[in-house]
Amino acid sequence: MTGEPPPLMSGPGSPEPSRRTVSWSAADGERPIRILVIDDEPSICQALSMLFAWHGLDVVTALSAADAQSSLGASSFDVLLIDLRLRDGRGDAVFRAAIEQQPSLRDRTLFMTGDITAEAERLISATNCPFLRKPFDITLAVQAIAALLGVAYQPVDDAAPPKRGSR
């Protein structure tokens, strides 16, 4: 995954990358987009959680199909990001179960996969959901999530680094 991750270390002279954020206008006001990331690789979940949070998303992760079902039963989400291949099932099966619980996710799900086979494309195509091929640019992922919800992906002016040496 590439994109603009937050700096690992900051301090005097450390430039900060430009930052963008997305939010969702709901009945209770403006709030972060709540996303459930489902991937059986802990490092991928951790990286996506950090990167999406940096872009202003409220992230919950699930490391299995069973964990995803538990999360979906306990809370509601604006968007799902599902890996097609999970250790305990397939992402398309998780998607079908998710839309039984939360029908709005039918048009708010994005798949991700490193599987380049025709079978993987067929499985995802059958869901009518867009997908990203791993590895993917985090900015493209956030743009795709925003597009699923019809919201703008806006720059955050206060995150721009201060200009040094200007008078």
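Asp-58 is partly exposed, with a relative accessible area of 32%, in a structure that is a predicted model. The side chain of Asp-58 meets that of Arg-34 in a salt bridge, with a distance of 3.0 Å from N to O. Because Arg-34 belongs to strand β4 (residues 34-38) and Asp-58 to strand β5 (residues 58-62), the pair ties together parts of the chain that are 24 residues apart in sequence. Strand β5 also contains Val-60, and when the neighbours within four places in sequence are left aside, the contacts of Val-60 are Arg-34, Ile-35, Leu-36, Val-37, Ser-71 and Phe-77. Arg-34 therefore appears in two roles, as the salt-bridge partner of Asp-58 and as a contact of Val-60.

The bridge between Arg-34 and Asp-58 belongs to a structure that holds 11 salt bridges. In general, side chains of opposite charge can pair when their charged atoms come close. A further pair is formed by Asp-115 and Arg-85, whose closest N and O atoms are 2.8 Å apart. This salt bridge links distant parts of the chain, since Asp-115 is placed in the loop between β9 and α4 (118-125) and Arg-85 in strand β7 (residues 85-86), 30 residues apart. The two partners were assigned to separate classes of accessibility: Asp-115, at 15% relative accessibility, counts as buried, whereas Arg-85, with a relative accessible area of 33%, is partly exposed.

The salt bridge between the side chains of Asp-92 and Arg-90 has an N to O distance of 2.8 Å. Here the aspartate, Asp-92, is buried, with a relative accessible area of 5%, while Arg-90 counts as partly exposed at 37% relative accessibility. In addition to these pairs, Asp-39, Asp-83 and Lys-134 are joined into one network by salt bridges that share partners.

Lys-134, a member of that network, also precedes a cis peptide bond, the bond from Lys-134 to Pro-135 having omega near -10 degrees. Pro-135 is located in the loop between β10 (131-133) and α5 (138-149). A second backbone feature concerns Asn-128, which is not a glycine but has a positive phi of about 60 degrees. Asn-128 is found in the loop between α4 and β10 and, at 71% relative accessibility, counts as exposed. Both features may be set against the general pattern, in which most residues other than glycine have a negative phi and most peptide bonds are trans.

Two helix pairs were examined for their packing. Helix α2 (residues 65-74) and helix α3 (residues 91-101) pack at an angle of about 10 degrees, with their axes 10 Å apart, and α2 and α3 are therefore roughly parallel to each other. On the side of α2 the contact is made by Ala-65, Ala-68, Gln-69, Leu-72 and Gly-73, and on the side of α3 by Val-94, Ala-97, Ala-98 and Gln-101. Divided by class, the contact of α2 with α3 comprises six nonpolar residues, three polar residues and no charged residues.

The second pair consists of helix α1 (residues 42-54) and α5, which pack at an angle of about 65 degrees with their axes 11 Å apart, so that α1 is roughly perpendicular to α5. The crossing of α1 and α5 is right-handed. In this contact Leu-48, Leu-51 and Phe-52 of α1 meet Ile-138, Ala-141, Val-142 and Ile-145 of α5. The residues of the contact of α1 with α5 comprise seven nonpolar, no polar and no charged, whereas three polar residues are counted in the contact of α2 with α3.

Spatial separations were also computed for residues that are apart in sequence, with Leu-80 as a shared reference. The C-alpha atoms of Val-60 and Leu-80, 20 residues apart in sequence, are 9.8 Å apart in space. For Asp-107 and Leu-80, which are 27 residues apart along the chain, the C-alpha atoms are separated by 9.8 Å. Asp-107 is situated in the loop between α3 and β9 (109-113) and is exposed, with a relative accessible area of 58%.

Notes: Residues numbered from 1 in each chain as written. Predicted model: local features only at pLDDT ≥ 70, side-chain atom pairs only at ≥ 80, totals over all residues. Heavy atoms only, no water. Axes fitted to C-alpha atoms, helices over the stretch in contact; angles between N-to-C directions. Helix = DSSP H or I, 4+ residues; strand = E, 2+ residues; numbered from the N terminus. Parallel < 35°, antiparallel > 145°, perpendicular 65-115°, else oblique. Contact = heavy atoms within 4.5 Å. Nonpolar A, V, L, I, M, F, W, Y, C, P; charged D, E, K, R; others polar. Buried < 20%, exposed > 50% of the residue type's maximum accessible area, 1.4 Å probe, protein only. Salt bridge = Lys/Arg side-chain N within 4 Å of Asp/Glu carboxyl O. Left-handed = near helix turned anticlockwise from the far one by under 90°.
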